[in-house]
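Work through these exercises with the structure open beside you. Try each task before reading its solution.

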Amino acid sequence: MEKKRSKGVTIFAWLMIILNTFMLLSFFDVKTMFECYKSFSKNFVIAIISYSILSALIGILVGFGLLKLKDTMRRIGIAINSMDLLLGIPLFFISLNDLKQYSYSVAVSETVKKSINLNIDTFANFVFYIGVFIIGIIFGLGLLFIFFFTRPKVKEQFK
């Protein structure tokens with residue numbers, strides 16, 4: 001008898017595949033990573049990038065494993081999302097000042113490049129809060145993933 005996968009498992013699996021693929025592609029812009037973590041040492045930023053690439057690759061594999069209802073992949077998914085949250089949330093708060101500075105440099109660059117007549121501070125705040133919002137959604141999805149895949153009804157699908 002073939003196992004039946006719920007819509008929730010399918011949605012989370014595809015979210016894992018798609019979001020981690022985008023995350024992986026974003027690391028080609030290493031210069032931005034160094035700008036966002038300006039106050040950290042070069043080696044520490046390289047460690048962040050390395051962990052993030054590894055996490056994204058595992059996330060993609062987990063997504064495909066979830067589609068096949070592999071319990072090992074469910075457990076790895078819970079572990080990697082837990083690690084991402086445990087490492088990512090403190091790192092986010094520590095790097096807030098760097099992110100604000102990066103948002104300001106983006107605002108200056110964009111207004112000069114496109115000759116837009118905007119208040120740079122307002123535009124920088126907009127860029128910053130959009131970034132914070134997106135990061136918040138990613139953290140929220142991580143928490144939701146952990147909650148969803150630890151529920152007894154969902155665990156049953158993986159037996």
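**Charges over rings**

**Exercise 1.** Find the ring that lies under the charged end of Arg74, and the one under the charged end of Lys100.

*Solution.*
- Step 1. Start from Arg74. Its charged end sits over the ring of Phe158, 6.0 Å from the ring centre.
- Step 2. This model is predicted.
- Step 3. Go to Lys100. Its charged end sits over the ring of Phe128, 5.3 Å from the ring centre.

**Aromatic pairs**

**Exercise 2.** How many aromatic pairs does the structure hold? Classify the pair of Phe12 and Phe149, and state what it ties together.

*Solution.*
- Step 1. The structure holds 12 aromatic pairs.
- Step 2. A ring pair is described by the distance of the centres and the angle of the planes.
- Step 3. For Phe12 and Phe149 the centres are 5.7 Å apart and the planes 70 degrees apart. Planes over 60 degrees apart count as edge-to-face, and this pair is edge-to-face.
- Step 4. Place the partners. Phe12 lies in helix H1 and Phe149 in helix H6, so the pair ties together parts that are 137 residues apart in sequence.
- Step 5. Check burial. Phe12 and Phe149 are buried.

**Exercise 3.** Classify the pair of Phe148 and Phe149. Which residues form one aromatic cluster with them?

*Solution.*
- Step 1. The ring centres of Phe148 and Phe149 are 5.0 Å apart, with 80 degrees between the planes. This pair is edge-to-face.
- Step 2. Phe148 and Phe149 are both buried.
- Step 3. Phe12, Phe145 and Phe158 join Phe148 and Phe149 in one aromatic cluster. Phe158 is the ring under the charged end of Arg74.

**The largest pocket**

**Exercise 4.** Describe the largest pocket: its volume, its lining and the helices that supply the lining.

*Solution.*
- Step 1. The volume is about 1,500 Å³.
- Step 2. The lining has 46 residues. Met23, Phe27, Tyr37, Ile135 and Ile138 lie nearest the centre of the pocket.
- Step 3. Sort the lining by type: 33 residues are nonpolar, 11 polar and two charged.
- Step 4. Assign helices. H1, H2, H3, H4, H5 and H6 each supply at least two lining residues. H6 gives the most, with 12 residues.

**Helix H3**

**Exercise 5.** What span does H3 reach, and what span is expected at 1.5 Å a residue? Then find the sign of phi at Leu69.

*Solution.*
- Step 1. H3 has 26 residues.
- Step 2. From first C-alpha to last, H3 reaches 38 Å, close to the 38 Å expected.
- Step 3. Leu69 follows H3, and its phi is positive, near 55 degrees.

Conventions. Residues are numbered from 1 along each chain as its sequence is written. This is a predicted model: local features need pLDDT of at least 70, side-chain atom pairs count only at pLDDT 80 or more; totals for chains, interfaces and linings use all residues. Side-chain values use heavy atoms; hydrogens and water are left out. On a 1 Å grid over the protein atoms alone, a cavity is a set of points where a 1.4 Å probe fits but cannot get out, and a pocket is an open set with protein on both sides within 12 Å along at least five of seven lines; lining residues have an atom within 4 Å of a point. Grid points are joined across faces, edges and corners, and a volume is the space filled by probe spheres set on the points. Helices (H or I, at least four residues) and strands (E, at least two) are DSSP runs, numbered from the N terminus. Ala, Val, Leu, Ile, Met, Phe, Trp, Tyr, Cys and Pro count as nonpolar, Asp, Glu, Lys and Arg as charged, and the others, Gly among them, as polar. Rings of Phe, Tyr and Trp (its six-membered ring) pair if their centres lie within 6.5 Å; planes under 30 degrees apart count as stacked, over 60 as edge-to-face and the rest as tilted. Buried means under 20% relative accessible area, exposed over 50%, partly exposed in between (1.4 Å probe, protein chains only). A charge sits over a ring if NZ of Lys or CZ of Arg is within 6 Å of the ring centre and within 35 degrees of the ring normal. The expected span of a helix is 1.5 Å times one less than its number of residues.
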